[in-house]
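Me: Please take a close look at how the packing works here. Walk me through it in one go, with the cut-offs spelled out as you use them.

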Amino acid sequence: MTGTRRTVPVGTITRGTTGVNRLRRSDRWLVNDELVSTRLREAADPLVVDLGYGAAGWTTIEMAARLRTVRPDLRVVGLEIDPARVLPPRDGVRFARGGFELAGLRPVLVRAFNVLRQYPEDAVPAAWSRIQSNLAPEGLLVDGTCDELGRRSAWVLLDRHRPLSLTLAWDPFTVERPSDIAERLPKVLIHRNIRGEKVHALLTAADQAWERSAALAPFGPRIRWRGTAELLRANGFPVRAYNRRMRDCVLSVPWDVVAPNGWQAGE
């Protein structure tokens, strides 16, 4: 197994809040997303990095177990910039010190959850660029945030060159309306939920479609959300349709649907 090259960690120490099963919604999505699973299966070196796993390694270990249902020989490395948080190897996961430079590794997938949320918005492009430059040629980056219990999650999927999509995922039984996820938007979007911005238009339309789907409420929030998503698509929003039954309510759209005002193509 290739070791990490000696590099200077790039980034700042964050709060490190974590918890068992907190990132289950993003894990489920990663396992079932066609692009992500294809890149994992086809990778010559199936290396995955969990960047900024926090004060404990639970979510890294959980991600490794779930992603190995896609690629059993997956290698997983958890990186933390705080040397005090680096853990001994466990359950086939190695832990090391590192930041946005990825400790010299070239992974096919990087997950950075609840990391950039603690940075200023104008620091996001440079952080993305630094991580992207260290990905494998077909590598992907997931930059996301979630609440303390993992009931509300949002993430941007990027390749080496650009953002690809925004996904919101939430517990059907604890969220009243789609726009409640706004408080967990990734850092690049969380301050853009204002009139005139695309993400605000999407969330507003989602709430309106949710209200119009109220007649489906007796059948449960999952069925109501499916009706809501159909209305959004009918109104011109390219909300991704999933062929399988979803445990979570999931709203996924191409990046250009929510890109902030002034965002340049290729950024």
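**Helix pairs and the sheet**

Reply: Let's start with two helices that touch: A205, A206, A209, W210, E211 and R212 of α6 meet P221, R224, W225, T228, L231 and L232 of α7. Contact here means heavy atoms within 4.5 Å, and helices (H or I, at least four residues) and strands (E, at least two) are DSSP runs numbered from the N terminus. Bear in mind that this is a predicted model: local features need pLDDT of at least 70, side-chain atom pairs count only at pLDDT 80 or more, and totals for chains, interfaces and linings use all residues. Residues are numbered from 1 along each chain as its sequence is written, and side-chain values use heavy atoms, with hydrogens and water left out.

Back to that pair. Helix α6 (residues 198-212) and helix α7 (residues 221-234) pack at about 120°, and their axes are 8 Å apart. Axes are lines fitted to C-alpha atoms, for helices over the stretch in contact, with angles running from 0 to 180 degrees between N-to-C directions. α6 and α7 therefore count as oblique to each other; the scale is under 35 degrees for roughly parallel, over 145 for roughly antiparallel, 65 to 115 for roughly perpendicular, and oblique for the rest. Their crossing is right-handed, meaning that the near helix is turned clockwise from the far one by less than a right angle, whereas anticlockwise would be left-handed.

Now for α1, which has two helix partners to look at. With α3 (residues 58-67), helix α1 (residues 24-32) crosses at roughly 25°, the axes coming within 10 Å. That makes α1 and α3 roughly parallel, and α1 passes α3 in a right-handed crossing. R24, D27, L30 and V31 on the α1 side touch E62, M63, R66 and L67 on the α3 side. With helix α2 (residues 34-42), the angle is about 65° and the axes are 5 Å apart, so α1 and α2 are roughly perpendicular. There the meeting residues are W29, L30, V31 and N32 of α1 with E34, V36 and S37 of α2.

Helix α1 is largely enclosed by the rest of the structure, because seven of its nine residues are buried. Buried means under 20% relative accessible area, exposed over 50%, and partly exposed in between (1.4 Å probe, protein chains only). The buried ones are R24, R25, S26, D27, W29, L30 and V31. W29 has a relative accessible area of 5%. Beyond its neighbours within four places in sequence, W29 touches V36, W155, L157, T167, R240, Y242 and V250.

W155 and L157 bring us to β6, where both faces are covered: R152, A154, V156 and L158 are buried on one side, and S153, W155 and L157 on the other. With seven of seven residues buried, β6 is largely enclosed too. Strand β6 pairs with β5 over six antiparallel bridges and with β7 over seven, again antiparallel; two strands pair if DSSP finds at least two bridges between them. A154 stands opposite T145 on the β5 side and has L168 as its bridge partner in β7, while R152 stands opposite W170 in β7. The β6 and β7 hairpin has four residues between the strands. In the β5 and β6 hairpin, with five residues in between, G150 takes a positive phi near 75°.

Zooming out, the eight strands make an open, mixed sheet in the order β3-β2-β1-β4-β5-β6-β7-β8. β3 (93-97) and β8 (249-254) are the edge strands, each with a single partner, so one side of each has no neighbour in the sheet. Neighbouring strands are turned by 20° against each other on average, direction ignored.

Last stop is helix α4 (residues 124-133), where V124, A127, W128, I131 and Q132 are buried. They cover an arc of only 130° around the axis, which puts them on the same side of α4; the arc is taken from the directions from the helix axis to the C-beta atoms. An α-helix has 3.6 residues a turn, so residues three or four places apart point the same way. Among the elements covering the buried residues of α4 are β1 (47-51), β4 (109-113), β5 (140-146), β6 (152-158), β7 (163-170) and α5 (187-190).
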